[in-house]
Structures are given as structure tokens and as C-alpha cells.
Amino acid sequence: MEQEIYEKSFDLATQTMLQKAREEGIETAWDRYEKQLPQCSFGQLGVCCRNCNMGPCRIDPFGEGADRGICGATADIIVARNLLRTIAAGAAAHSDHARDAVLTFKKMSEGEAGSYSIKDEAKLLSLASEYGISSEGKSLEEIAVKLADTLLLEFGKQDGHLLCTKRAPESRLKLWVELGIEPRGIDREIVECMHRTHMGVDNDAVHILLQGLRTGLSDGWGGSMIATDIQDILFGTPQPRRSTVNLGVLSRDKVNIIVHGHEPILSEMIVEAAEDPELLKLAKEMGATGINVAGICCTGNEALMRHGTPIAGTFLQQELAVITGAVEAIVVDVQCVMPSLGDLTGCYHTKFISTSPKADFPNTVRIEFHEDRAYETAKEIVKAAVENFPNRVLEKVTIPEEKQECMVGFSAEAILGALGGSPDPLIDAIKSGAIRGIGAVVGCNNVKVTHNYGHVNLVKELIKNNVLVVTTGCNAIACAEAGLLLPEASELAGEGLKAVCKALGIPPVLHMGSCVDISRILVLSSVLANRLGVDISDLPAAGAAPEWMSEKAVSIGAYVVSSGVFTVLGTIPAVLGSQAVTSLLTEGLNGVVGASFAVEPDPFRAADLMLEHIDGKRKALGLTLES
Amino acid sequence: MKDLIIRPERCLGCRSCEVACAVAHSESKNLFSAIGELPVPKKRIFLKYIPGLGFSQPITCRHCEDAPCASVCPTKALHLDENESIVIYNPDHCVDCWTCSTVCPRFVSLYHLILFMGCWTSSMTQNRGVISRQAQAGIKCDLCEGKILPACVEACPTHALTFSEVEELK
């Protein structure tokens, strides 16, 4: 039974494009989802194991059939092992992205990547000193090479533990040490996950899950944090700025180039190349009035945060951008890029350009990207898009009206800057009750949830109840599309939060960046906890991922909860086949790391859970509930 | 009359039908809640591996009122219980003649497949398992009354289970 368009998405631009797709007979992720229904019960419960070739094995959830796999693994073991592999994949994605950023940074410092330069000297110097690198008598480049080498060691480290975790409150780090989950080398944790889940290695659910927490921490306080830091040095630490979002940012008269994926290394160059006079001249010759770069997913967020480059949409809008018929090229790097784009772009004039040496797709134009000739490659890509402009079929073009202004660029540094250099004004507002607490809302889109419905409603509920929201990833884009990233959105906030926003001129929902930038939220929460002299788990704060779908989100969940933040998931993770694992994640972890997960698909009830948690923490800190 | 028809050549043995059946006959009708229910929801369809054929297929009995299998069974190994509501199977009387399979609308295609594949002899000894499994279930397949499609048919990813007019397939 086909869903109605309004059931598929909460966003008007998306609905318009879904209608166009239907009229043109074009298939989207929602259609493919319907063909997958009903989805496999064993998979949904996490009780299917394919880790050895005696299997596949699965456990009968109703207890009539097999209650263990061929090796003897119970549902608890199978579910825990599967979860650990998911965390490993997510941590790998973030951390491998970080590795590439550091390698680019190193090449730049050694003069082998001339297209790049150091954009944030202050951050370079502060990071160098944090890592114990003396800057005396050294040039910036020399310091950068030292820093790059030190950071690269974090990936391959064989002895000792990660250095970034020192940013966490002392009590938190001590807890990790006591639990034996202080992360070691980033690559090592991921490799160990794969080893432990091999047939006949780690077969105790709790023991397996502790490695999951440690691997998550190696992502949040390792890979992701390194990615954020290095990208800030290379491309600039984001500062508040304005931009526009949603499919309406695509231009009728200009060449439209979509940058999609997760890394800023190429998109930074594309944004630059799109202003190259030579290419602008070519665009004019082709009949266009200019070149318009717009982002999707976190590549989009990176460019939005640093340059105000508009964003065309969230994860589930990637196909719809092509369906507008107005996109000359969709340029992708890694992660969350649907392989369906290959066939889809074949129905329009759009060129599907894949660039990462790691990621190829069906029916792409392959223009592989390497740092040593970054700008040249970016120019080549932009040129291919510009030359494609005359092929645009006007009868096939429909660009939705909807575009929304937004205010973005709230790095931890920018937030502290807006507060006058100290977290005290924010802490005072929390203490007085003007701000009830902090909500970190992040994550993907998922066809199982009406697109953006979970994101927007949860965030609206939170700000209405005076919870200041920090956001990244597709939640940030969804909030931007709904107009929540504007200072004017404070009208939707409760009285206390509204007054704080007005005084500071900030939106009630602060866009902190891409999904690796959740590390910014960790840093900010450490600053607040340290200033209050408490642990992160004592803060009146809660997290949520209302529409999560990717393995990265599972790794994020693992490190956010291990860092002490209660987290509500909007879609059900594949763990319910094991009662032991489910109760550990939803209750048991409280006694271990001082936080746990909850699952609540309804965004209004999810907000209630977060508020209840925040109020409990306020009470424990001796703060009043009423302002 | 529409009935559940098994197309054994399409079955991949994933057991999705079994789980969907149990969920459909649970209190909550929801997978994630059903797994915790007491009494444990019971399925009415069983995946059976048939060694002679080298593959699995779902077995399910509707316990037909007129039970053609019982009426053709030469040894009364299959018979209706005293209330005439459930098909009973007595393995001691079964002589593996497979006559029942030729008249059961749900099994006739399996019977044809066995003939087609020429593995009659090796399959002969498997009759016992097949028939006993469907009859021993003792709980009636109700074709998920009230639903447009039975849950098992809906759940089958390869359309090995279909819901169609019995006449159409003959």
C-alpha cells in the first residue's frame, strides 16, 4: 500500500518533488522502502549471525525453534556481536575521514598540497601546545608537520591511550580508566572489534559491549575530534553567518553544482573554483548567469558553516535535488551517498561525479581527487558541470519555491565568543532556570520516519520548554528548513530561552556543524561541566537522534552515552532480540557510565523523556525547576 | 475460494513466514512487543527442510472441514478428530504413499515438483515429516481473518507463499 506524499515527508519542497517524481515515474528511496516491506524480523531483532560459514544462523524469537547458533551463541551473544560490528563500522567511517584530513594537513605543511593553507593559526598553536609540541623558534609549517605526525600516531598507536580524552572532565576520564574503556589507538579499537566478533573469540555480551563503548570513545574523543580540529585549522573555525537552505536554493539561471557526502577537503576547492573568473566566463558563454554551489549532507554542512554556501537538502533530499532537473553535476565524496543516484542521473542531464579513491558508484563520471592537485581537479569538475548547462531540459525543470534563511556557524569557540569569552553567562542562565537545560539533537533521515517530522517536532518541543538546542548533521539541516536556525525563531521558545536568545542575538537552535562536529558538543559539555565542577553526566542535558539510520549514528550513540549523556533514539536499533543487551543499554548502563539509551519514535514523547531527565539532573544539582 | 498456496521452488528458508505468523497471532500484533508476550505467541506455519529435495519449504495446515487428505488416506493415518475440527495424524499407520499430497491444494504444487525433479524415491521417506508437521501443529491456520493478505504471504520476500484462487493454480 503506497504511502501518501504527506506521510513521506513533512517538508513542502520535498513533497513537491515527490509529486514530480511520481508524475515522471521516477523511483525514490520511499518507493524502494515500500518494496522492502515487511522487513526481515530476524534482522530487525539483531538475531541473525553471518560471522562464520557454518551459518547463517538465527534465533527463533518465540522460543519454539533454535535458541542458539551452531557454535552455541545465544541471542545475547549474537546481538552484542552484531552491535559491536556496527559500532566498529561507524567509528571507522568517522576516523578514516579524520585520517584523510590529517594526511592532507601534513602534505600541506610539507608543501606538497599547494591549494591548501593554514587558515586558523591560533587553533594550530593551541592544539600544538595541547599535544605538548613546543612552538619556540619553529615556523608554522614546522609546527604543523610535528602536529600532523603526533595526530597520525593516534591512529596507529600501539602503547598508551588517546590524548584528546584529556579534554573530558577528570572524573569522567577516571571512570573510563576504572572501567577499562579508556580508548587506545583509534585503528586498534576498530581492529579489535573485528577480532572479537570473529567466530569463537569474545562471547560475553557485557564484555563485548564494553569494547563497543571504548570503540565509540575512540571515535568521539579521537577520530571525530581530530577531524574537527584539523579541518578548522585548514579551512577556518566556523563563526556565525547567514545562509539559505532547501531545494529552492537551486538556481534557474545559474549552473547548479551539488557537493554531497562528508568531507570538506574537495568541496572547499569547489567553492573556490566556482568563483574562478575563467570558469565564470565559461558559464556566461554557456548561457548561464553564474555558478551556484549547494550542499547536501555533511559536505554541505562543512561548506555552510565556513562559507555560508547554501544547502539544498538533507540525506533524503539527495535524489530530489536531481529530480528538480536543474542540477548540472552532483559531486560526491564518501558516506551516505545513495548508489541509486547512478540510474537516477541517467534520467536527467545531471552528471554524477564520484571523486574519492575509496568510493565508486554505478554510472558515474569518475574524476579522482588527490590533494597534490586539488584546485586543478576542482576546476576540472566545475568545468564539466558548466559545460553541461546547455544540456538542461527546460521542460523537465521544476525548482520548489521553498528556501529558508538560517544562521549557522556555532563552533564551540563561536558560542563561547557570543557569550563574551566565558561559559559563565550560559551557566548563570541554566542556574536561574531561564535555560532549563541543553538538548543535543543530531542524526540522519530514515524512511521509517516521516522525513523531518521527528527532527523538527522534537526540537520545537524542546525550545518551547526552554531547552537550548545544539545540533549537527541532518538534524541541523532539517531545523534550518523549518526556520528554527534564526534568531527570530526564539518567538517559538519559552520565555526564559527567548530572553537569552534576544539578549545575545542568537537562534534557540545552534548549528554546530557536520556529524564529526558532534565532538564540538563534547568539548562544550566538558567546558560547562568543568566550570560547574561536576561530571558531564551531572549536567541538565540530554541527547537525541530522532531519525537515525547509519552505522556512524550507532558509534555516536556509544560515545555520547559513555560520555554521560542520556540519549533518546527515534528508530529502533537491531538489539531487541536480546533482553540482556536491551536492558543493559536502556537501564544497566546508568550504573556504569551514568547515562543510558531510550527508544521513542514519537518526537513529543521523546521530548518529554528528555525534559524529565533534565529536570532530574537539575534537582540533583539543587537547581530550581521554575524560573 | 482463495487459499494459501505454497510454491516450494521459491522458498529460500528465511523463516520470515513463521515469525510473521506468530506476530499476527499475538496480542499486540507488533514484533518488538510480541517477543515479550505471555503466553508466547504461536505460529501456525513451519519451515521444514526436506533432505530429499535439498531445500526447505513452509508447511501449514488449515484443518479443512472436509479434509480431503483424511478422506483419501488409505490407512486412516490422517483422520479428523471426534469433533471433526482438527486433522489428526498417526505416524504408525502412515505408509508414505503421498496420496494426501495430491489432493491437498496447498501441497499439490510440492507434489508436482517432486514428480518433476524425479526425486520421488528419496522423497518418499520424507512424507512422514511433512504431513506430521502440519497436522501436529494442532492450531488452525485461520488465513489471518480480517487481514487482506495472510501475514505469512505478506512477509514472504520471494512470493513462495501466495494467496490465490485454488482453481487458478490447477
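# Questions on the two chains

Student: Just after helix 18 of chain A, which residue takes a positive phi?
Tutor: This is a predicted model. Just after helix 18 of chain A, phi turns positive, at about 95°. The residue there is A:G433.

Student: Which residues are buried in helix 18 of chain A?
Tutor: Helix 18 of chain A spans residues 424-432. Its buried residues cover an arc of only 100° around the axis, so they sit on the same side of the helix. They are A:L426, A:A429 and A:I430.

Student: What do the buried residues of helix 18 of chain A pack against?
Tutor: The packing involves one strand and one helix of chain A. The helix is helix 21, residues 495-504. The buried residues of helix 18 of chain A thus pack against helix 21 and strand 11 of chain A.

Student: What is the strand order in the open sheet of 6 strands in chain A?
Tutor: Pairing in this sheet is parallel. Strand 13 (509-513) and strand 16 (597-599) of chain A each have a single partner strand, so they stand at the edges. The twist averages 25° from one strand to the next. The order is 13-12-11-14-15-16.

Student: Which residue of strand 13 of chain A is the bridge partner of A:T471?
Tutor: Strand 12 (residues 467-472) and strand 13 of chain A run parallel, joined by 4 bridges. In strand 13 of chain A, A:T471 has as its bridge partner A:H511.

Student: Which strands of the sheet does helix 22 of chain A touch?
Tutor: Helix 20 (residues 473-481) of chain A packs on the sheet, touching strand 11 (437-441), strand 12 and strand 13 of chain A. Helix 22 (residues 518-532) of chain A packs on the sheet as well, with its direction at about 115° to that of strand 13 of chain A. Helix 22 touches strand 11, strand 12, strand 13 and strand 14 of chain A.

Student: Is A:E491 buried or exposed?
Tutor: A:E491 is found in the loop between helix 20 and helix 21 of chain A. Its C-alpha atom is separated by 9.5 Å from that of A:K502, 11 residues apart along the chain. It has 11 C-beta neighbours inside 10 Å, and 12 or fewer is the cut-off. Therefore A:E491 counts as exposed.

Student: Which residues have the most contacts inside the largest nonpolar core?
Tutor: This core has 242 residues. Helix 5 (residues 75-109) of chain A gives the most to it, with 17 residues. The residues with the most contacts inside the core are A:I257 and A:I270.

Student: How many of the residues of strand 4 of chain A are buried?
Tutor: A:V255, A:I257, A:V259 and A:G261 point one way from strand 4 of chain A, and all are buried. A:N256, A:I258 and A:H260 point the other way and are buried too. The count for strand 4 of chain A is 7 of its 7 residues.

Student: Which residue of strand 7 of chain A is the bridge partner of A:I258?
Tutor: Strand 4 of chain A is joined to strand 5 (residues 291-296) of chain A by 6 bridges, in parallel. Strand 4 of chain A also pairs in the parallel sense with strand 7 (residues 329-332) of chain A, over 4 bridges. In strand 7 of chain A, the partner of A:I258 is A:I330.

Student: Where is A:C336 found?
Tutor: A:C336 is not a glycine, yet its phi is positive, about 65°. A:C336 is buried because 24 other C-beta atoms lie within 10 Å. It is found in the loop between strand 7 and helix 15 of chain A.

Student: What is omega for the peptide bond from A:L37 to A:P38?
Tutor: A:P38 is found in the loop between helix 3 (29-36) and helix 4 (41-45) of chain A. The bond from A:L37 to A:P38 is cis. Its omega is near -10°.

Student: Which helix of chain B gives the largest share of the side that touches chain A?
Tutor: 14 residues of chain B are in contact with 12 residues of chain A. Helix 1 (16-24), helix 2 (31-34) and helix 8 (151-155) of chain B give two or more residues each to this side. The residues of this side divide into 10 nonpolar, 1 polar and 3 charged. The largest share, 4 residues, comes from helix 1 of chain B.

Definitions and conventions:
Residues are numbered from 1 along each chain as its sequence is written. Chains are lettered from A and ligands numbered from 1 in the order in which they are written. This is a predicted model: local features need pLDDT of at least 70, side-chain atom pairs count only at pLDDT 80 or more; totals for chains, interfaces and linings use all residues. Two residues are in contact if their C-beta atoms, placed from the backbone, lie within 7 Å. Ala, Val, Leu, Ile, Met, Phe, Trp, Tyr, Cys and Pro count as nonpolar, Asp, Glu, Lys and Arg as charged, and the others, Gly among them, as polar. Two strands pair if DSSP finds at least two bridges between them. Axes are lines fitted to C-alpha atoms, for helices over the stretch in contact, and angles run from 0 to 180 degrees between N-to-C directions. A residue is buried if 20 or more other C-beta atoms lie within 10 Å of its own, exposed if 12 or fewer, and partly exposed in between; C-beta atoms are placed from the backbone. The arc is that of the directions from the helix axis to the C-beta atoms. A nonpolar core is a set of buried Ala, Val, Leu, Ile, Met, Phe, Trp, Tyr and Cys residues joined through C-beta atoms within 7 Å.
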